[in-house]
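Me: I've got a model loaded and want to talk through its pockets and charge pairs. Can you take my questions one at a time?

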Amino acid sequence: MRVFILLLLFSHFLLTDIFAQSMKIDSLQKVLQQKNLNDTNRVNTMILISWDYFIQSEFKLCEDWAKKAMILSTKVKFIRGEGRGEFLLARAIKEQGNYQLSLKHHLNALKTRKKFTNKRSAADSYNSIGDVYNNLGDYDKALNYFILSLKIFEEINDPMGLAWSYCNIGVVLSNQNDMEGAIENYDK
């Protein structure tokens, strides 16, 4: 009986969360219908929709909205929007298993993101590029990108970013059978 109640509660919370995400996307799409919405806010709204689809593992829809954001960003010369859109596109493509295409988009996103001074976005790109290289089995390149990310997170004193980088370095070292180095990074 307890198991049934737990399953019922779990399914209730899961359905509630899915319903809430769906309502959020609907609300964001209504925002896009506003005539007086400026292009930068329109791009940012598209990126939020793309991200919400990513969270829901709706990767094709995430791709579609990221592409829309990139197209409008390019048209209105909104570099930040281009970088964010391309980053989300790369992540959605990676989740579908196309690592080479994901890598291409991540490298483009990094190039675009370096044009503005937000170091965190560059660090996020380095981490994601490292993740793709790790999935491709190119552990040396993965490690190099994770270290680049780590250095930026140290510079900007970002504890979550540091944790993310150390964990990723640990994964690569584990894949290279360096268990001592992996554990050392996991501990950090």
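Here are the questions, with a reply to each.

Me: Before the details, which kinds of elements make up the protein, and how many helices are there?
Reply: Keep in mind that this is a predicted model. From the N terminus on, the elements run α-α-α-α-α-α-α-α-α. There are zero strands, and the helix count is nine.

Me: How much space lies in the largest pocket?
Reply: Rolling a probe the size of a water molecule over the atoms shows where empty space is left. For the largest pocket, that space comes to about 330 Å³.

Me: Which element gives the largest share of the lining of the largest pocket?
Reply: The largest pocket has 14 lining residues, and closest to its centre are Arg84, Phe87, Arg113, Ser121 and Asp124. Two or more lining residues come from each of α2 (39–55), α4 (79–95) and α6 (119–136). The largest share is five residues, and it comes from α4.

Me: By class, how many charged residues are in that lining?
Reply: Sorted by class, the lining has six nonpolar and two polar residues. The charged count is six.

Me: Asp124 is among the residues closest to the pocket centre, so is it buried or exposed?
Reply: Asp124 meets Arg120 in a salt bridge, at 3.6 Å from N to O. The two sit four residues apart in helix α6, so about one helical turn separates them. Arg120 is partly exposed at 33%. With a relative accessible area of 14%, under the 20% cut-off, Asp124 is buried.

Me: In the salt bridge between Lys60 and Glu63, which residue counts as buried?
Reply: Their side chains meet at 3.7 Å, N to O, and they are three residues apart in helix α3 (residues 59–76), so about one helical turn lies between them. Lys60 has 54% relative accessibility and counts as exposed. At 8% relative accessibility, the buried one is Glu63.

Me: Which residue is linked with Lys60 and Glu63 in a network of salt bridges?
Reply: Side chains of opposite charge can pair when their charged atoms come close. Across the whole structure, a search finds eight salt bridges. The network takes in Lys60, Glu63 and Lys67, so given how a salt bridge is defined, the residue you want is Lys67.

Me: Which helix holds Ile183?
Reply: Ile183 joins Met179 and Tyr186 in a nonpolar surface patch of about 300 Å². Ile183 falls within residues 179–187, which is helix α9.

How values were computed: Residues are numbered from 1 along each chain as its sequence is written. This is a predicted model: local features need pLDDT of at least 70, side-chain atom pairs count only at pLDDT 80 or more; totals for chains, interfaces and linings use all residues. Side-chain values use heavy atoms; hydrogens and water are left out. On a 1 Å grid over the protein atoms alone, a cavity is a set of points where a 1.4 Å probe fits but cannot get out, and a pocket is an open set with protein on both sides within 12 Å along at least five of seven lines; lining residues have an atom within 4 Å of a point. Grid points are joined across faces, edges and corners, and a volume is the space filled by probe spheres set on the points. Ala, Val, Leu, Ile, Met, Phe, Trp, Tyr, Cys and Pro count as nonpolar, Asp, Glu, Lys and Arg as charged, and the others, Gly among them, as polar. Patches are made of residues with over 30% relative accessible area and no salt bridge: like charges are joined within 9 Å, nonpolar side chains (Val, Leu, Ile, Met, Phe, Trp, Tyr) within 5 Å. Accessible areas come from the Shrake-Rupley method with a 1.4 Å probe; for residues, only the protein chains shown count as cover. A salt bridge is a side-chain nitrogen of Lys or Arg within 4 Å of a carboxyl oxygen of Asp or Glu. Buried means under 20% relative accessible area, exposed over 50%, partly exposed in between (1.4 Å probe, protein chains only).
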